[in-house]
Amino acid sequence: PIADHVVAEFVDLEIKAIKRHDEMSALKADILRVLRKTESCTVSEITNQLREPVTNQKVAAVLRTMVNEGTVDRTEFRKKIIFYATGA
């Protein structure tokens, strides 16, 4: 039989994974909301318009993920977003 503490640890890890997934989904939805209402903007401007505080680096990483997974169209994305020259 599996010890209770092992089951509890597994459940805790599963709950944390679900929360991370939900937080990422919420951040992606919030970024899409900002992108839909703007002509063009920088990563910093997107970050400033989000409902929850997030770093520029995290926003840039999520934007790259969204492009790679096809959540946003790469061509449309390039028209709207101006990345920092240093690479956000």
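These are my notebook entries on a predicted model, going from the whole chain to its core and then to its largest pocket.

**Overall layout**

I started with the secondary structure and found four helices and two strands in the chain. Reading from the N terminus, I wrote the order down as α-β-α-α-α-β. Next I looked up burial: 28% of the 88 residues in the chain are buried. For the surface I noted about 6300 Å² of accessible area, with 56% of that belonging to carbon and sulfur atoms. I also checked how far the contacts reach along the sequence. Taking contacts between residues at least 6 apart, 54% join residues at least 24 apart.

**The nonpolar core**

Which residues touch the most other members of the largest nonpolar core? I got I31, I46, L50, V59 and L63, out of 16 residues in that core. Helices α1, α2 (43-49) and α3 (56-69) each supply at least two residues of this core. Helix α3 gives the largest share, six residues.

**V59, a closer look**

I picked V59 from that list and placed it in helix α3. Is V59 buried or exposed? Its relative accessibility is 0%, so V59 counts as buried; the cut-off for buried is under 20%. Setting aside residues up to four places away in sequence, I listed what V59 touches: I31, V43, I46, T47, L50 and V54. Two of these, I46 and L50, are also on my list of core residues that touch the most other members, and so is I31. I took one distance here as well: the C-alpha atoms of V59 and T47 are separated by 6.7 Å, with the two residues 12 apart along the chain.

**T47, from the other side**

T47 sits in helix α2. T47 has 11% relative accessibility, so I put it down as buried. Beyond its neighbours within four places in sequence, T47 is in contact with V54, T55, N56 and V59. V54 turns up here and also among the residues that V59 touches.

**The largest pocket**

How much space lies in the largest pocket? I noted about 230 Å³. Its lining is R20, E23, M24, A26, L27, D30, L50, R51, E52, V54 and K58. Helix α1 (residues 4-36) supplies the largest share of that lining, six residues. Sorted by type, the lining has five nonpolar residues, six charged and no polar ones. L50 is worth a margin note: it lines the pocket and is also one of the core residues touching the most other members. V54 is another lining residue, and V59 touches it.

**Two charged lining residues**

I checked D30 and K58, both part of the pocket lining. D30 is in helix α1. Is D30 buried or exposed? Its relative accessible area is 6%, so D30 goes down as buried. Leaving out its neighbours within four places in sequence, D30 is in contact with L50, R51 and E52, and these three residues are on the lining list too.

K58 lies in helix α3. At 43% relative accessibility I logged K58 as partly exposed, because that class runs between 20% and 50%. Last distance for the day: from K58 to V43 I have 9.8 Å, C-alpha to C-alpha, for residues 15 apart in sequence. V43 had already come up in these notes as a residue that V59 touches.

How values were computed:
Residues are numbered from 1 along each chain as its sequence is written. This is a predicted model: local features need pLDDT of at least 70, side-chain atom pairs count only at pLDDT 80 or more; totals for chains, interfaces and linings use all residues. Side-chain values use heavy atoms; hydrogens and water are left out. On a 1 Å grid over the protein atoms alone, a cavity is a set of points where a 1.4 Å probe fits but cannot get out, and a pocket is an open set with protein on both sides within 12 Å along at least five of seven lines; lining residues have an atom within 4 Å of a point. Grid points are joined across faces, edges and corners, and a volume is the space filled by probe spheres set on the points. Ala, Val, Leu, Ile, Met, Phe, Trp, Tyr, Cys and Pro count as nonpolar, Asp, Glu, Lys and Arg as charged, and the others, Gly among them, as polar. A nonpolar core is a set of buried Ala, Val, Leu, Ile, Met, Phe, Trp, Tyr and Cys residues joined through side-chain atoms within 4.5 Å. Buried means under 20% relative accessible area, exposed over 50%, partly exposed in between (1.4 Å probe, protein chains only). Contact means heavy atoms within 4.5 Å. Accessible areas come from the Shrake-Rupley method with a 1.4 Å probe; for residues, only the protein chains shown count as cover.
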